[in-house]
Amino acid sequence: LKKELDIYFANDRKGWSIFVRQLFPNYTYHNLSTFAKIIKRCNEGLTTLSPDTLIIWGKLDQFVPYDSIRFLSDMFTTEKSKVKVYEDISHLMLYGKNSQEVIDEVVDFIK
């Protein structure tokens, strides 16, 4: 448990650092509200995901709940579509220590 919490908090600190330095200065309430409306509108008309789709999710994700992943994966229509769940990565999977593993998964899927 301590190891998992250490990984989570390290990713959390890195995430907050990126948010404060790069994202926050450019985001307003209007931006976040617009993003939420776009997501809601996309989900309303979404019934299937027909192209081959790869969803990568980490159990330490601070923003996207697993229910969202299940919601999307239930719409897969191709056998090549898949969900890959990592035990010890967060929402910032490309900034964590296992980023190469995630990159390799994406490249293999594209191939």
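Here a trainee and a mentor talk through a predicted model of a protein chain.

Trainee: I am new to this one. How many helices and strands are there, and in what order do they run?

Mentor: There are four helices and two strands. Starting at the N terminus, the order is α-α-β-α-β-α.

Trainee: What makes β1 a mostly covered strand?

Mentor: Strand β1 spans residues 54–58, and five of its five residues are buried. Leu-54, Ile-56 and Gly-58 point one way, Ile-55 and Trp-57 point the other way, and all are buried.

Trainee: How do you know that β1 and β2 pair?

Mentor: Pairing takes at least two bridges between the strands. β1 and β2 (residues 82–86) have five bridges, in the parallel sense, so they count as a pair. One place to look is Ile-55, which stands opposite Val-83 in β2.

Trainee: Which helix joins these strands in a β-α-β unit?

Mentor: That is α3, residues 66–73, and the unit of β1, α3 and β2 is right-handed.

Trainee: Let's step back to Thr-53. Why is Thr-53 called buried or exposed?

Mentor: Its relative accessible area is 16%, and buried means under 20%, so Thr-53 is buried. Thr-53 lies in the loop between α2 (29–45) and β1. Leaving aside neighbours within four places in sequence, Thr-53 is in contact with Phe-76, Lys-80, Ser-81, Lys-82 and Phe-109.

Trainee: Now the charged pairs. How many salt bridges does a search of the whole structure find?

Mentor: It finds three salt bridges.

Trainee: What makes Lys-59 and Glu-87 a salt bridge?

Mentor: The cut-off is a nitrogen-to-oxygen distance within 4 Å. The closest N and O atoms of Lys-59 and Glu-87 are 3.1 Å apart, so the pair qualifies. Lys-59 lies in the loop between β1 and α3 and Glu-87 in the loop between β2 and α4, so the pair ties together parts that are 28 residues apart in sequence.

Trainee: Why do Lys-59 and Glu-87 get their accessibility labels?

Mentor: Exposed means over 50%. Glu-87, with 51%, is exposed. Lys-59, with 47%, is partly exposed.

Trainee: How do you know that Arg-70 and Asp-67 meet in a salt bridge?

Mentor: Their N to O distance is 2.4 Å, and the limit is 4 Å, so the pair counts. Both residues lie in helix α3, three residues apart, about one turn of the helix. Arg-70 is partly exposed, at 41% relative accessibility.

Trainee: And what makes Glu-105 and Lys-82 a salt bridge?

Mentor: Here the N to O distance is 2.7 Å, and that too is within 4 Å, so the label applies. The pair links distant parts of the chain, with Glu-105 in helix α4 and Lys-82 in strand β2, 23 residues apart.

Trainee: Are Glu-105 and Lys-82 buried, exposed or partly exposed, and why?

Mentor: Glu-105 has a relative accessible area of 13%, and the buried class is under 20%, so Glu-105 is buried. Lys-82 has 36% and counts as partly exposed.

Trainee: Which residues form the nonpolar patch on the surface?

Mentor: Leu-94, Tyr-95, Ile-103 and Val-107 form it, with about 350 Å² of accessible area together.

Trainee: What makes Val-107 fit for a patch?

Mentor: A patch residue needs over 30% relative accessible area. Val-107 has 35% and is partly exposed, so it passes that cut-off. Val-107 is found in helix α4, residues 99–110.

Conventions: Residues are numbered from 1 along each chain as its sequence is written. This is a predicted model: local features need pLDDT of at least 70, side-chain atom pairs count only at pLDDT 80 or more; totals for chains, interfaces and linings use all residues. Side-chain values use heavy atoms; hydrogens and water are left out. Buried means under 20% relative accessible area, exposed over 50%, partly exposed in between (1.4 Å probe, protein chains only). A crossover is right-handed if, with the strands pointing away from the viewer, the path from the first strand over the helix to the second runs clockwise. Patches are made of residues with over 30% relative accessible area and no salt bridge: like charges are joined within 9 Å, nonpolar side chains (Val, Leu, Ile, Met, Phe, Trp, Tyr) within 5 Å. Accessible areas come from the Shrake-Rupley method with a 1.4 Å probe; for residues, only the protein chains shown count as cover. A salt bridge is a side-chain nitrogen of Lys or Arg within 4 Å of a carboxyl oxygen of Asp or Glu. Contact means heavy atoms within 4.5 Å.
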